[in-house]
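The exercises below are meant to be worked with the sequence and the model side by side. Each task is followed by a solution that goes step by step.

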Amino acid sequence: MSAQSLASIENWPVPTAAAGVVRADGTVLGSHGPVGRRFPLASVTKPLAAYAALVAYEEGAIEFDEPAGPAGSTVRHLLSHTSGLAFDEHRVMSAPGERRLYSNAGFEVLGEHIAKATDIPFAEYLRQAVLEPLGMTDTGLDGSPAKDGVSTVADLLRFAAEVQAPRLLDPRTVAEAMTVQYPGTKGVLPGYGHQNPNDWGLGFEIRDGKSPHWTGASSSPRTFGHFGQSGTFVWIDPDAGIACAALADRPFGPWAVEAWPPFTDAVLAELAR
């Protein structure tokens, strides 16, 4: 990769942006911008929190189908935004499994559940279970496991390499996280409106046939990842064999809706060449 596609972030209407692409073996194919600068992640915090939940599952601290959150809800419901909890408040809006209600509150309940199960504050558990083993020394969580992470592109590429070729987890556990939970569930993808279905795995959004979407028109249906309201995203495209992380310091808005898909298409096209 010449990284010409990555350099197109210079055209984004943001003060500062950084981006990079990584293979499963950890080879960084290209990067552009200050990849060591720390940016607020907003909801890109969620995949990191979800990975810590997967570690807690493999350690036997939690089970996916044990009760957690509102009555009838489980860890699986919380991870897949089907617990019925409202977006940003601990209020039940629907029965578990009925609707895909994207919920920061659900991830906060999840963090509390894991902290209680492990007897370790969630931010510290995340550090011990995920960040430290992967060498993500510039990443941290100070607040909500839904949205208060801070990281760098360099660190997120380490994480994205791990997700593509797991070392901390059994690959079967990661495959479960990338499998649609409660197929056929309708919901709203923040910033993109109603999606039917609105497919999610365990903490990761799955592209499938969603339109409109923040990934590219050429992204495979198996692409999964997350974006954040702080102008951040990370996606992994198993068919292309790469992952991409981009961080910026302008809140998500129409600029991102316009800029991100052609950026992703350019990255995939450059890789294909």
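A residue is called buried when its relative accessible area is under 20%, exposed when that area is over 50%, and partly exposed in between. The model used here is a predicted one.

**Exercise 1. Determine what share of the residues is buried, and compare the radius of gyration with that of a compact globule.**

Step 1: applying the cut-off of under 20%, one finds that buried residues make up 56% of the 273 residues in the protein.
Step 2: for 273 residues, a compact globule would have a radius of gyration near 19 Å, and the value of 17 Å for the protein agrees with this.
Step 3: along the principal axes, the C-alpha atoms fill a box of roughly 50 × 40 × 35 Å.
Step 4: if one takes the contacts between residues at least 6 apart in sequence, 56% of them join residues at least 24 apart.

**Exercise 2. Work out the strand order in the sheet of six strands and in the sheet of three, and identify the edge strands.**

Step 1: the protein has eight helices and 11 strands. Strands of a sheet pair through backbone hydrogen bonds, either parallel or antiparallel.
Step 2: six of the strands form an open sheet with antiparallel pairing, in the order β2-β1-β11-β10-β9-β8. Its edge strands are β2 (28-32) and β8 (205-206), each of which pairs on one side only.
Step 3: within this sheet, β1 (residues 17-23) is joined to β2 by four bridges, the two strands running antiparallel, and V22 stands opposite V28 in β2.
Step 4: three strands form another open sheet, again antiparallel, in the order β3-β5-β4. Here β3 (39-42) and β4 (140-141) stand at the edges with a single partner strand each, so one side of each is left without a neighbour in the sheet.
Step 5: β4 pairs with β5 (residues 149-151) in the antiparallel sense over two bridges, and the bridge partner of L141 in β5 is G149.

**Exercise 3. Describe the linings of the largest pocket and the second largest pocket.**

Step 1: the largest pocket holds about 340 Å³ of space. Its lining consists of 18 residues, and those nearest the centre are M178, R222, F224, I236 and P238.
Step 2: α6 (153-164), α7 (171-177) and β10 (232-237) each supply at least two lining residues, with α7 giving the most, namely three.
Step 3: by residue class, the lining of the largest pocket divides into 12 nonpolar, three polar and three charged residues.
Step 4: the second largest pocket has a volume of about 230 Å³, and of the 13 residues that line it, R99, R100, L101, G187 and V188 are the closest to its centre. This lining comprises eight nonpolar, two polar and three charged residues.

**Exercise 4. Locate the cis peptide bonds that precede P197 and P212, and assess H81 and D208, whose phi values are positive.**

Step 1: most residues other than glycine have a negative phi, and most peptide bonds are trans.
Step 2: the peptide bond from N196 to P197 is cis, with omega near 0°, and P197 lies in the loop between β7 (193-195) and β8. A cis peptide bond also joins S211 and P212, where P212 belongs to the loop between β8 and β9 (224-228).
Step 3: H81, with phi near 60°, is placed in the loop between α3 (75-79) and α4 (104-118). Its relative accessible area is 2%, so H81 is buried.
Step 4: D208, with phi near 50°, lies in the loop between β8 and β9. At 25% relative accessibility, D208 counts as partly exposed.

Terms used: Residues numbered from 1 in each chain as written. Predicted model: local features only at pLDDT ≥ 70, side-chain atom pairs only at ≥ 80, totals over all residues. Heavy atoms only, no water. 1 Å grid on protein atoms, 1.4 Å probe; cavity = no way out; pocket = protein on both sides within 12 Å on 5 of 7 lines; lining within 4 Å. Points joined across faces, edges and corners; volume = space filled by probe spheres on them. Nonpolar A, V, L, I, M, F, W, Y, C, P; charged D, E, K, R; others polar. Pairing = 2+ DSSP bridges. Rg over C-alpha atoms; globule rule 2.2 N^0.38 Å. Buried < 20%, exposed > 50% of the residue type's maximum accessible area, 1.4 Å probe, protein only. Contact = heavy atoms within 4.5 Å.
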